[in-house]
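Biologist: I should like to go through this structure with you, one topic at a time. Please give the reasoning behind each answer.

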Amino acid sequence: MSTLIERPADSSMANHITAELTQHLNSRHLYPSQQWLQTFLSGVRPNNPLPATKQTAVFRLLATDITSSLTQPPSGVFPVDVLQARIQTRTVLGPILCQVLDVEDVGHSRWSQVESIESQERGETTKGREVVRVLPGENEGNGGEAPVPPSKGPFKLLLQDAKGAKVYAFDLRGIENINAGMSMGVKLLLRNFEVRRGVIMLEPTGVQILGGKIEELDKMWKEGRKERLIAAANAGGDD
């Protein structure tokens, strides 16, 4: 029985690609697990240009659940006592990579958000005080849905780091691309942020949105949002 022996040149090239890719990802504060890295590289064609391989790796990592794909250094995850409410305020330097599991528009009542969703379901949107009926085909670029009127929040987010720790955060500043329509599983990089009694206070200068999403989580979250808002409104006596 013959055994296939890898040529030294092939082994050297594979090691070079692995080292280059690891360095590229680490420079973006992405520290993939060895299992993820090996699985990814096993599907890369030998003649694939290295820049394209690097770009694909970043794209795919941002689409993963970071609790299973990343092995971040201690400085790249939330402090173990981040939820301690007895600590009035502290500053965490980071950078810390996290993913968004939930976002809530706390600047509008839950019932008003339900009404907005139902308007979209009917193909209606607002223009000033006027209700505009969106005709079929007018929003083909949006998958046929009526455009969602932007909200300035504030927004409450549930963030999760690579270790699985979950922390609530508030955006009181109207950070660009943070809204109730953002993708679930989108990755954020936080730097030099304040934590007040176990809650992160987001500032525009300390948040970098890397992109990505977790497809299944995003689909389930969007499909169940209306029902969650109704349940929360009924439970909390929201007007």
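Biologist: What is the relative accessible area of K213, and is K213 buried, partly exposed or exposed?

Modeller: This is a predicted model, and the value is computed from it. Residues under 20% are called buried and those over 50% exposed, with partly exposed in between. The relative accessible area of K213 falls in the middle class, so K213 is partly exposed, at 28%.

Biologist: Which residues are joined with K213 into one network of salt bridges?

Modeller: K213 forms a salt bridge with E215, with the closest N and O atoms 3.9 Å apart. E215 counts as exposed, at 52% relative accessibility. K213 also meets D218 in a salt bridge of 3.7 Å, N to O, and D218 counts as buried at 7% relative accessibility. Through shared partners, the network joins K213 with E215, D218 and K222.

Biologist: How many salt bridges does the model have by this rule?

Modeller: The rule asks for a side-chain nitrogen of Lys or Arg within 4 Å of a carboxyl oxygen of Asp or Glu. The pair K213 and D218, at 3.7 Å, is one of the salt bridges. By this rule the count is eleven.

Biologist: Which residues of strand 8 point to the face where the side chains are buried?

Modeller: In a regular strand the side chains alternate between the two faces of the sheet. Strand 8, residues 193-196, shows such an alternation. E194 and R196 point to one face and are not buried, while the other face carries the buried residues F193 and V195.

Biologist: What is the N to O distance in the salt bridge between E194 and R196?

Modeller: E194 and R196 point to the face of strand 8 where the side chains are not buried. E194 counts as partly exposed at 26% relative accessibility, and R196 is partly exposed at 42%. Their side chains meet in a salt bridge with an N to O distance of 3.1 Å.

Biologist: Which residue in the turn between strand 8 and strand 9 has a positive phi?

Modeller: Strand 8 and strand 9 (residues 199-202) run antiparallel and are joined by three bridges; E194 stands opposite M201 in strand 9. The two strands form a hairpin with two residues between them. The residue in the turn with a positive phi, of about 50 degrees, is R197.

Biologist: Which strands are the edge strands of the open sheet of eight strands?

Modeller: The order in the open sheet is 1-8-9-6-5-2-7-10, with mixed pairing. An edge strand pairs on one side only, and this holds for strand 1 and strand 10 (207-211). Strand 1 (residues 89-92) runs antiparallel to strand 8, with four bridges between them, and T89 stands opposite R196. The edge strands are therefore strand 1 and strand 10.

Biologist: Which residue in strand 5 stands opposite V103?

Modeller: Strand 2 (residues 96-105) and strand 5 (residues 155-161) run antiparallel, with seven bridges joining them. They are also neighbours in the order of the open sheet, 1-8-9-6-5-2-7-10. Opposite V103 stands L157.

Biologist: Which peptide bond in the model is cis, with omega near 0 degrees?

Modeller: Most residues other than glycine have a negative phi, and most peptide bonds are trans. P95 lies in the loop between strand 1 and strand 2. The cis bond leads to this proline: it is the bond from G94 to P95.

Biologist: Where is N192 found, and what is its phi?

Modeller: N192 lies in the loop between strand 7 (187-190) and strand 8. At 54% relative accessibility, N192 counts as exposed. Although it is not a glycine, N192 has a positive phi of about 45 degrees.

Biologist: What is the phi of N177?

Modeller: N177 is found in the loop between strand 6 (166-171) and strand 7. N177 is exposed, with a relative accessible area of 52%. N177 is not a glycine, yet its phi is positive, at about 75 degrees.

Biologist: Which exposed residues lie on the face of helix 3 turned away from its buried side?

Modeller: Helix 3 (residues 50-62) has 13 residues and reaches 19 Å from first to last C-alpha, close to the 18 Å expected. Its buried residues are T53, K54, A57, V58, L61 and L62. They cover an arc of only 160 degrees around the axis, which puts them on the same side of helix 3. The face turned away from that side carries the exposed residues Q55 and F59.

Notes:
Residues are numbered from 1 along each chain as its sequence is written. This is a predicted model: local features need pLDDT of at least 70, side-chain atom pairs count only at pLDDT 80 or more; totals for chains, interfaces and linings use all residues. Side-chain values use heavy atoms; hydrogens and water are left out. The expected span of a helix is 1.5 Å times one less than its number of residues. Buried means under 20% relative accessible area, exposed over 50%, partly exposed in between (1.4 Å probe, protein chains only). The arc is that of the directions from the helix axis to the C-beta atoms.
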